Amino acid sequence: MGENKRKRGRKPKTPTQETKDFQYTTAAANDVVSVTIPAAEPTTDTNDLSASRSRRGRPRKVNNNDNPRANIATSPERRSSRQAEQNGDLAHATTTMATATATTNSAAIVSEPVRWENVVRVVPSMDAVVKVFCVHTEPNFSLMWQRKRQYSSSSSGFVIGGRRVLTNAHSVEHHTQVKLKKRGSDTKYLATVLAIGTECDIAMLTVSDDEFWEGVSPVEFGDLPALQDAVTVVGYPIGGDTISVTSGVVSRIEILSYVHGSTELLGLQIDAAINSGNSGGPAFNDKGKCVGIAFQSLKHEDVENIGYVIPTPVIMHFIKDYEKNGAYTGFPILGVEWQKIENPDLRMAMGMGPDQKGVRIRRIEPTAPESQVLKPSDVILSFDGVNIANDGTVPFRHGERIGFSYLVSQKYTGDNALVKVLRDSEILEFNIRLETHKRLIPAHIKGKPPSYYIIAGFVFTAVSVPYLRSEYGKDYEFDAPVKLLDKHLHAMAESVDEQLVVISQVLVADINIGYEEIVNTQVLAFNGKPVKNLKSLANMVESCEDEYLKFDLEYQQIVVLETKTAKAATLDILTTHCIPSAMSDDLKT
């Protein structure tokens with residue numbers, strides 16, 4: 001966790017020319033689009049969205065009734081040979097056929113017709129790239145007892161050792177069915193999801209049918225590339241059904257914001273085009289080895305061809321984590337918020353010597369193991385023997401520096417790390433156990449349905465980022481109530497099971513007259529007892545034998561209901577709104 005940037009709890013004005021907003025989008029395609037494009041005119045990016053800020057990408061829906069090749073007259077004209085060279089095998093076919101024709105004409109020799117199988121040159125690593133078809137059924141976070149209408153998406157993946165396939169997590173999020181199709185095959189094979197890593201945006205699949213694995217060699221992983229190294233992204237992006245190849249170079253290596261996982265991990269920036277459907281496809285180096293997974297791109301009017309790739313260190317961490325624990329456990333964090341110490345007066349006030357460098361601890365998460373040993377205003381000098389600079393960076397290869405959170409992300413959940421700190425001019429060393437991040441408002445619920453509890457028409461739920469997005473749209477960081485945003489950005493959980501419980505809405509009935517306008521207001525206490533999480537609230541209400549149910553809310557509001565009347569009215573309210581149960585299944589256990 002680095003320095004937190006505050007966001008104002010209101011929607012910004014229309015940006016002027018001086019305002020530069022950026023939008024990261026993940027690249028899963030779920031729309032088969034037929035576009036008429038003049039041969040000599042530039043094409044526009046069909047994946048540009050109107051929002052201009054960082055957010056999780058949503059796969060584009062597939063309309064199964066639309067056939068992009070149904071009307072030949074509306075299909076795009078053929079590209080020139082120069083354009084075709086960018087798409088892999090077609091370039092080899094065109095070039096070879098042209099050469100054969102020229103030779104025949106010049107020498108007036110009659111030869112056998114050119115056979116397609118002799119023309120196409122197959123790259124073995126390209127045969128390991130598969131197309132992923134997924135049917136998603138997302139929960140309805142506003143009506144927690146329902147699910148949204150299912151939709152389909154397509155993306156890319158590739159075969160690795162051990163009869164496994166890697167793709168992006170957002171490509172199979174909330175999946176109900178996943179199918180894979182190999183290059184050159186007309187058969188779709190049912191796949192099973194083995195693990196989903198939301199933080200790193202990687203998912204692991206397998207196929208039980210032995211026929212799928214015949215003739216497919218797994219890709220080999222290469223080392224982390226250097227700047228200006230050539231990369232080739234292979235996948236099934238929007239615009240066609242066959243495999244597509246785009247090439248570029250590595251333009252930047254740094255700690256990157258992962259849109260889907262709401263985390264910061266090592267990432268590669270490349271200038272190869274990454275479009276809808278490229279998600280999960282491999283990026284190869286010039287030796288044919290995989291150096292990353294395509295997963296998101298930057299969309300803005302002032303930038304072109306900025307794509308991002310998950311590098312091999314993050315991929316190998318995900319794979320080894322699964323092999324080690326039999327499941328994905330996540331990337332650990334240090335659990336502190338820190339401040340740069342670049343000001344010389346601040347360094348002097350912290351008791352640092354002229355040769356000492358480090359970062360100052362601002363806050364420590366109460367749920368983190370280091371909260372027992374570290375203290376605010378401690379100066380972290382080194383992590384696992386690597387010295388930390390005043391700006392929070394550490395050496396990274398020759399001539400490069402990177403944020404020290406990279407060192408933490410290389411560890412696994414439950415590992416120990418040696419942290420050296422400066423406290424009151426004294427150097428101390430602590431062996432700290434690293435754990436995953438516990439957010440008060442989680443960024444994901446990891447595939448589980450949302451929790452809810454209903455009494456007398458009052459719908460209680462726990463706040464999460466998907467819930468805020470469902471209630472306030474993609475601009476929830478500006479449109480949501482200020483107090484919820486403040487807790488989302490700055491509040492820390494005091495215990496591992498703490499939740500922020502709110503009254504989501506009031507299902508109108510005679511019993512709750514006068515309370516209809518209560519929406520998304522936090523519940524602080526019930527009958528004088530603090531509300532720790534949704535399950536504790538449900539248990540207290542269900543077991544209450546007092547005459548009244550009293551809920552203390554934010555802004556000094558209270559809700560008072562007669563206990564017997566409220567419980568008796570609940571069943572009729574559930575029937576009226578076709579709600580199967582007064583509480584979600586996870587609260588019944």
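The dialogue below reads some features of a predicted model, starting with the whole chain.

Me: How many helices and strands does the protein chain have, and what share of residues is buried?
Reply: The secondary structure of the protein chain comes to twelve helices and 29 strands. Of its 589 residues, 48% are buried. The accessible surface is about 29,900 Å², and carbon and sulfur atoms account for 48% of that surface.

Me: Which share of contacts joins residues at least 24 apart?
Reply: Counting contacts between residues at least 6 apart in sequence, 66% join residues at least 24 apart.

Me: What is the strand order in the open sheet of seven strands?
Reply: Strands of a sheet pair through backbone hydrogen bonds, either parallel or antiparallel. Here the order is 6-5-2-3-4-8-7, with antiparallel pairing. Strand 6 (188–190) and strand 7 each have a single partner strand, so they stand at the edges with one side lacking a neighbour in the sheet. From one strand to the next, the twist averages 35 degrees.

Me: How many bridges join strand 8 to strand 7, and how many join it to strand 4?
Reply: Strand 7 (residues 192–197) and strand 8 (residues 202–206) run antiparallel and are joined by five bridges. Thr-192 stands opposite Thr-206 in strand 8. The hairpin of these two strands has four residues between them, and Asp-201 takes a positive phi near 60 degrees. Strand 4 (residues 164–167) is joined to strand 8 by three bridges, also antiparallel; Thr-167 has Ala-203 as its bridge partner there.

Me: Which helix packs on this sheet?
Reply: Helix 4 (residues 312–325) does, touching strand 3 (151–160), strand 4, strand 7 and strand 8. The direction of helix 4 makes about 50 degrees with that of strand 8.

Me: Where does helix 11 bend, and what span does it reach?
Reply: Helix 11 (residues 563–576) has 14 residues and reaches 20 Å from its first C-alpha to its last, close to the 20 Å expected at 1.5 Å a residue. A bend of about 25 degrees falls at Thr-570. Thr-570 is also one of the buried residues of helix 11, together with Thr-563, Ala-566, Ala-569, Ile-573 and Leu-574. Their cover includes strand 23 (452–455), strand 28 (548–553) and strand 29 (558–562). After helix 11 comes Cys-578, with a positive phi near 55 degrees.

Me: Which residues of helix 7 are buried, and what covers them?
Reply: In helix 7 (residues 465–472), Val-465, Pro-466, Tyr-467 and Leu-468 are buried. The cover includes strand 24 (458–462), helix 8 (476–479), helix 9 (482–490) and strand 25 (501–506). Gly-473 follows helix 7, and its phi is positive, near 80 degrees.

Definitions and conventions: Residues are numbered from 1 along each chain as its sequence is written. This is a predicted model: local features need pLDDT of at least 70, side-chain atom pairs count only at pLDDT 80 or more; totals for chains, interfaces and linings use all residues. Side-chain values use heavy atoms; hydrogens and water are left out. The expected span of a helix is 1.5 Å times one less than its number of residues. The bend at a residue is the angle between axes fitted to the seven residues ending there and the seven starting there. Buried means under 20% relative accessible area, exposed over 50%, partly exposed in between (1.4 Å probe, protein chains only). Contact means heavy atoms within 4.5 Å. Accessible areas come from the Shrake-Rupley method with a 1.4 Å probe; for residues, only the protein chains shown count as cover. Two strands pair if DSSP finds at least two bridges between them. Axes are lines fitted to C-alpha atoms, for helices over the stretch in contact, and angles run from 0 to 180 degrees between N-to-C directions.
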